Amino acid sequence: MNRFKKSPVISLKAYEVKTEKHSRVEVKGRPFFSLTYRKEGEAKIKIDNKDFLSRKNCVTLVPKNKTYTTQITENTNFFAIHFDCYDKDAFSTPFVLENVSPHVFELFEAILLAYSPKKSCNLECFSLFYELLSEIEKTFASKNEDKTNPKIKRAREEIEERFSDVSFNISELSSLLSINSSYLRREFKKAYSVTPITYLKKTRMQNAVSLLSLSGFSIEELAEKCGYASTSYFIQDFHKMKGCSPLKYKERYLDN
């Protein structure tokens, strides 16, 4: 599963931060997502009872409104990008990514150089930031693909190719791959952080949002194109995952 759901970035600020060694402190949830590149030093971070170690040349993501603790074990220097986007769940999974390419550092540095608090809409920063997200996503993909069972890789590919097929389901996928459904669920979640059925639903929802940006489709047509036999079930799923109906989502986020 992609680490980043596709959602337009609506605000961005960039900083360079230097912090001296200190004991563990709590940081209350902040109304933005935080993406950092650590140039020097080391920090221990705890989010949702999970421990992360951020060292030199590591990229770290802290989700929006997420309270966490941090301990600076070595004096540290890092680039920080604070940003927000339309979808509050678009960057919901915290991570520390090691061994990133030199290009990732260059993009962080370029964003910092291009950023100015006097510009409310700095298109150069936004463009560089999207490139940075793409580079990070590629790094995750290469790391995951190297160790993922080929059948589990194929499961993801089948979902992405056949999500619009109303008759397609996870039972059929298990049979197609000749593997036990419990094994498929366990290994798929291990590789992509979500179950196959959740991946299928998220893929259908991403497609629904893309189609909503185009005029001319009725809700019934949207449901069918996204693999739903029932329009009411499509609306129910959409509301559950996006927090409002498809038409309200289009009015709130896409029309403007």
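In the predicted model, Phe 108 touches a set of residues distant in sequence: Leu 35, Thr 36, Tyr 37, Val 59, Phe 79, Ile 81 and Leu 132, with residues up to four places away left out of the count. Phe 108 belongs to helix α1, which covers residues 102-114. Its relative accessibility is 1%, so Phe 108 falls under the 20% limit for a buried residue. Several of its partners can be assigned to strands. Leu 35, Thr 36 and Tyr 37 carry numbers within the range of β3 (33-47), Val 59 is part of strand β5 (residues 59-62), and Phe 79 and Ile 81 fall within β6 (68-85). Helix α1 is thus linked through Phe 108 to residues of these strands. Between Phe 108 and Phe 129, which are 21 residues apart along the chain, the C-alpha separation is 8.0 Å.

A second group of contacts involves helix α3 (residues 150-162), where Ile 152 is located. Ile 152 is buried, at a relative accessible area of 1%. Beyond four places in sequence, the residues touched by Ile 152 are Ile 179, Leu 184, Glu 187, Phe 188, Ala 191 and Tyr 192. Two of these, Ile 179 and Leu 184, are also in contact with Ser 174, as is Ser 181. Ser 174 lies in helix α4, residues 170-177, and is buried with a relative accessible area of 6%. Ile 179 and Leu 184 therefore appear in the contact lists of both Ile 152 and Ser 174, contact being taken as heavy atoms within 4.5 Å. Ile 152 and Leu 212, by contrast, are 30 Å apart from C-alpha to C-alpha, with their positions 60 residues apart in sequence.

Leu 212 is instead a contact of Pro 246, which also touches Ile 219, Phe 234, Ile 235 and Phe 238 when residues up to four places away are set aside. Pro 246 is found in helix α9, an element that spans residues 246-254. The relative accessible area of Pro 246 is 2%, and the residue is buried. From Pro 246 to Met 205, 41 residues away in sequence, the C-alpha distance is 9.9 Å. The contact with Phe 234 leads to helix α8, residues 231-242, in which Phe 234 is placed. Phe 234 has a relative accessible area of 0% and is buried. Its contacts, again without residues up to four places away, are Met 205, Ala 208, Ile 219, Leu 222, Ala 223, Tyr 228 and Pro 246. Ile 219 is touched by Pro 246 and by Phe 234. Phe 234 is 43 Å from Asn 57 by C-alpha atoms, and the two are 177 residues apart along the chain.

Two asparagines have positive phi values. Asn 49 has a phi of about 65° although it is not a glycine. Asn 49 sits in the loop that joins β3 (33-47) to β4 (50-54), and it is exposed at 73% relative accessible area. Asn 65, also a residue other than glycine, has a phi near 60°. Asn 65 is in the loop between β5 and β6 (68-85) and counts as exposed, with a relative accessibility of 52%.

Over the whole protein chain, 9 helices and 7 strands are assigned. The radius of gyration is 20 Å, close to the 18 Å given by the globule rule for 256 residues, so the chain is as compact as a globular protein of that length. The C-alpha trace spans about 55 × 45 × 30 Å along its principal axes. Of the 256 residues, 43% are buried. Contacts between residues at least 6 apart in sequence were also examined; 74% of them join residues at least 24 apart. The accessible surface comes to about 13800 Å², with 48% belonging to carbon and sulfur atoms. There are 42 positive and 33 negative side chains, and the centres of the two sets are 5 Å apart.

The mean pLDDT of the protein chain is 89, and 94% of the residues score at least 70. Among its elements, strand β5 has the highest mean pLDDT, at 96, and helix α9 the lowest, at 81. Where pLDDT is low, the predicted coordinates should not be read in detail.

How values were computed:
Residues are numbered from 1 along each chain as its sequence is written. This is a predicted model: local features need pLDDT of at least 70, side-chain atom pairs count only at pLDDT 80 or more; totals for chains, interfaces and linings use all residues. Side-chain values use heavy atoms; hydrogens and water are left out. Helices (H or I, at least four residues) and strands (E, at least two) are DSSP runs, numbered from the N terminus. The radius of gyration is taken over C-alpha atoms; the globule rule is 2.2 Å times the number of residues to the power 0.38. Buried means under 20% relative accessible area, exposed over 50%, partly exposed in between (1.4 Å probe, protein chains only). Accessible areas come from the Shrake-Rupley method with a 1.4 Å probe; for residues, only the protein chains shown count as cover. Lys and Arg count as positive and Asp and Glu as negative; His and the chain ends are not counted. The place of a charge is taken as NZ of Lys, CZ of Arg, CG of Asp or CD of Glu. pLDDT is the predictor's confidence in each residue, from 0 to 100.
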